[in-house]
Amino acid sequence: MKFPAEKELIRFWPAFGDRFEYVGWKGVSQAKLKTRSEFRGSLTFEHGGVIYVFPGKISNVFDAEDETKSLLAGIRCTERNGIRYALSGVLAKANRALQERPRAGEANTCDLRARL
């Protein structure tokens, strides 16, 4: 895996091999909701006086920041089933995708087991 990835990087950035050195591989597990669409957005909501953030992808950190600020300020928020969230946030926009669960036997990355 390392060599094909490096070859592809060098194709776009010829000096890559001269500037960087491979020092090892590191794997992590990440919280992810089990949805049919493999949803990876960042979810931010408040329940019981605690603000929760499911990170999704790192690029979603800015969405989480904006939504956390809305929740803290109590601006443009709504509440449903005891969960409070930003009206313009990911949870409000992705509600349908979040409700669709995988069908029985349907492949889903949430069913993968880490082998470290």
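This section describes the overall fold of the chain and then its aromatic pairs. The model is predicted.

The secondary structure comprises five helices and four strands. Read from the N terminus, the elements follow the order α-α-β-β-α-β-β-α-α. The chain has a radius of gyration of 19 Å, whereas the globule rule gives 13 Å for 116 residues. The computed value is well over that of the rule, so the chain is more spread out than a compact globule. Along the principal axes, the C-alpha atoms occupy a box of roughly 50 × 40 × 25 Å.

Burial and contacts were evaluated next. Of the 116 residues, 22% count as buried. Contacts between residues at least 6 apart in sequence were sorted by separation. Of these, 41% join residues at least 24 apart. The accessible surface of the chain amounts to about 9200 Å². Carbon and sulfur atoms account for 56% of this surface.

Charge placement was also computed. The chain carries 20 positive and 14 negative charges. The mean positions of the two sets lie 4 Å apart.

Attention then turned to the aromatic rings. The count comes to five aromatic pairs. One of them joins W13 and F20. The ring centres of W13 and F20 are 5.5 Å apart, and the angle between their planes is 75 degrees. This pair is edge-to-face, because the angle is over 60 degrees. Both partners fall in the intermediate accessibility class. W13 has a relative accessibility of 37%, so it counts as partly exposed. F20 has a relative accessibility of 45% and therefore also counts as partly exposed.

A second arrangement is seen for F45 and F54. The ring centres of F45 and F54 are 6.3 Å apart, and their planes meet at 15 degrees, so the pair is stacked. The centre distance is within the 6.5 Å limit for pairing, and the angle is under the 30 degrees required for stacking. The two residues fall into separate burial classes. F45 counts as buried because its relative accessibility is 14%, under the 20% cut-off. F54, at 29% relative accessibility, counts as partly exposed.

Aromatic grouping extends beyond single pairs. W13, F16 and F20 form one aromatic cluster. The edge-to-face pair of W13 and F20 thus involves two members of this cluster.

Technical notes: Residues are numbered from 1 along each chain as its sequence is written. This is a predicted model: local features need pLDDT of at least 70, side-chain atom pairs count only at pLDDT 80 or more; totals for chains, interfaces and linings use all residues. Side-chain values use heavy atoms; hydrogens and water are left out. Rings of Phe, Tyr and Trp (its six-membered ring) pair if their centres lie within 6.5 Å; planes under 30 degrees apart count as stacked, over 60 as edge-to-face and the rest as tilted. Buried means under 20% relative accessible area, exposed over 50%, partly exposed in between (1.4 Å probe, protein chains only). Helices (H or I, at least four residues) and strands (E, at least two) are DSSP runs, numbered from the N terminus. The radius of gyration is taken over C-alpha atoms; the globule rule is 2.2 Å times the number of residues to the power 0.38. Contact means heavy atoms within 4.5 Å. Accessible areas come from the Shrake-Rupley method with a 1.4 Å probe; for residues, only the protein chains shown count as cover. Lys and Arg count as positive and Asp and Glu as negative; His and the chain ends are not counted. The place of a charge is taken as NZ of Lys, CZ of Arg, CG of Asp or CD of Glu.
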